[in-house]
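Open the model in your viewer and get ready to click along. This tour tells you what to select at each stop and what you will find there.

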Amino acid sequence: MKSVKITALGLALALLMSLTMAGCTDKDKDSSSSSSSPTTTTTTTHSESESMSHSGGTTSTPTTSNPESQEPSAPAMGADFNSLSSLSTKAQGWGQGVEVNDKNQPTGCTMFQEKYGKYNAYYIAPDAGNKIYLTFDEGYENGYTSQILDVLKEKNCSAVFFVTYDYVCKNPDLIQRMIDEGHIVGNHSYSHPHFPQIPLEEAQEDVVSLHEYMEENFDYTMTLFRFPYGEFSEQMLGLMDSLGYKTLFWSWAYKDWETDNQPDPAAALEKITKAEHPGAIYLLHAVSETNTAVLGDAIDHMRENGYEVAKFDL
């Protein structure tokens, strides 16, 4: 990995981070884990983003993904802050909206993909054909991840698991299982900050710290990033791109993260399957009992409708 270009401030932050990166401290183990539940920053928020439209899936013969396929290329660390300084710092919140096109694809996704795809950001997979991608956000462990992995193994599916340092530190066995079973472990940040609100140097240090922790402790190189809370700015998109990361948002999500207010399984399955569309990127929270219960049936339905539940390879 190329050396990270760090300013004097970044070097100081790196020194502080290095004190914690040797392992999970007692303070880490006792602290409450970062929540991956999104917050409202614009009118297109995560909680408002459910798509209730009917499925636009095709009827071609489904195929299965190979979890052991080659990983995407590794990021090359180091950002040129001067080149990023001209990009907009306006904070935006992401949610796919409810309007869809004739392929059942959320029009908000296609619009943002056209606008920000140049930064290797994906709100939908525009050239993926009939592929669907499953992604899970891991803010903390609620006892369901092993069951989710069981289902994915049974169905021969690969998924992306976006994790924070707190999650990695507390659940090394699950992280190793994700890697061993051919899934992609994505960078969901070291400290789960609101990225548009912090300086570039701090943002880089946060992302690189988890990146390096995964390399040092799991011999694994992260290549995909997801912003906490779905909050981003054009400048932060440029930063992730300059660090060699591809940023994944989502083209479908629903309110599944409240553990004491879980969706009805039958209703949830209907929502998930009605939203099927070419190039879909599903965001599901792994803390959800409902998601765990309906995952296998959802995968079966996608395949029956001609979709390939694929490993992210763009």
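The stops below go from the whole chain to a few strands, helices and loops.

**Stop 1: the whole chain**

Before you select anything, keep in mind that this is a predicted model. Show the chain as a cartoon: it has 11 helices and 10 strands. Now colour by burial, and 55% of the 314 residues count as buried. How much of the contact in this chain links residues 24 or more positions apart? Among contacts with a separation of 6 or more, such pairs make up 82%.

**Stop 2: strands β3, β4 and β5**

Select residues 160-163, which form strand β4. Then add residues 131-138, which are strand β3. β3 and β4 run parallel and are joined by 4 bridges. To see one partnership, show Thr135 together with Val160 of β4, its bridge partner.

Next, add β5, residues 184-187. β4 pairs with β5 too, in the parallel sense and over 4 bridges. Here you can show Phe162, which stands opposite Gly186 in β5.

Turn on side chains now. In a regular strand, side chains alternate between the two faces of the sheet. Are the two faces of β4 covered or uncovered? Both are covered: Val160 and Phe162 are buried on one side, and Phe161 and Val163 are buried on the other. β5 gives you a similar exercise: Ile184 and Gly186 point one way, Val185 and Asn187 point the other way, and all are buried.

**Stop 3: helix α5 beside helix α7**

Select residues 145-154 for helix α5 and residues 172-180 for helix α7. Two packed helices are described by the angle between their axes and the distance between the axes. For α5 and α7, the angle is about 10° and the axes are 11 Å apart. That angle makes α5 roughly parallel to α7. The crossing of α5 past α7 is left-handed.

Which residues make the contact? From α5, show Thr145, Ser146, Leu149 and Asp150; from α7, show Leu174, Arg177 and Met178. Colour this contact by residue class and you get 3 nonpolar, 2 polar and 2 charged residues.

Stay with α7 for a moment. Its residues Leu174, Ile175, Arg177, Met178 and Ile179 are buried. Among the elements that cover the buried residues of α7 are β3, α5, β4, α6 (165-170), β5 and α8. Just after α7, click on Gly182, which takes a positive phi of about 85°.

**Stop 4: helix α5 beside helix α11**

Keep α5 selected and add helix α11, residues 289-304. The axes of α5 and α11 come within 9 Å and cross at roughly 15°. α5 and α11 are therefore roughly parallel to each other. Is their crossing left-handed or right-handed? The crossing of α5 and α11 is right-handed.

Show Gln147, Ile148, Val151 and Leu152 in α5, and you will see them meet Thr292, Leu295, Gly296 and Ile299 in α11. By class, the residues of this contact divide into 5 nonpolar, 3 polar and no charged.

An α-helix has 3.6 residues a turn, so residues three or four places apart point the same way. Keep that in mind as you look along α5 with both sets of contact residues shown.

**Stop 5: Tyr144 and its distant partners**

Select Tyr144, in the loop between β3 and α5. Is Tyr144 buried or exposed? Its relative accessibility is 17%, so Tyr144 counts as buried. Leaving out residues up to four places away in sequence, Tyr144 touches Ala286, Val287, Ser288, Glu289 and Thr292. Ser288 is 144 residues from Tyr144 in sequence, yet their C-alpha atoms are 7.4 Å apart in space.

**Stop 6: two loop residues with positive phi**

Most residues other than glycine have a negative phi, and most peptide bonds are trans. Select Asn156, in the loop between α5 and β4. The phi of Asn156 is near 55°, a positive value in a residue other than glycine. At 34% relative accessibility, Asn156 counts as partly exposed.

For the final click, choose Asp219, found in the loop between α8 (200-218) and β6 (224-225). Asp219 has a positive phi of about 50°, although it is not a glycine. With 72% relative accessibility, Asp219 counts as exposed.

How values were computed. Residues numbered from 1 in each chain as written. Predicted model: local features only at pLDDT ≥ 70, side-chain atom pairs only at ≥ 80, totals over all residues. Heavy atoms only, no water. Axes fitted to C-alpha atoms, helices over the stretch in contact; angles between N-to-C directions. Parallel < 35°, antiparallel > 145°, perpendicular 65-115°, else oblique. Left-handed = near helix turned anticlockwise from the far one by under 90°. Contact = heavy atoms within 4.5 Å. Nonpolar A, V, L, I, M, F, W, Y, C, P; charged D, E, K, R; others polar. Buried < 20%, exposed > 50% of the residue type's maximum accessible area, 1.4 Å probe, protein only. Pairing = 2+ DSSP bridges.
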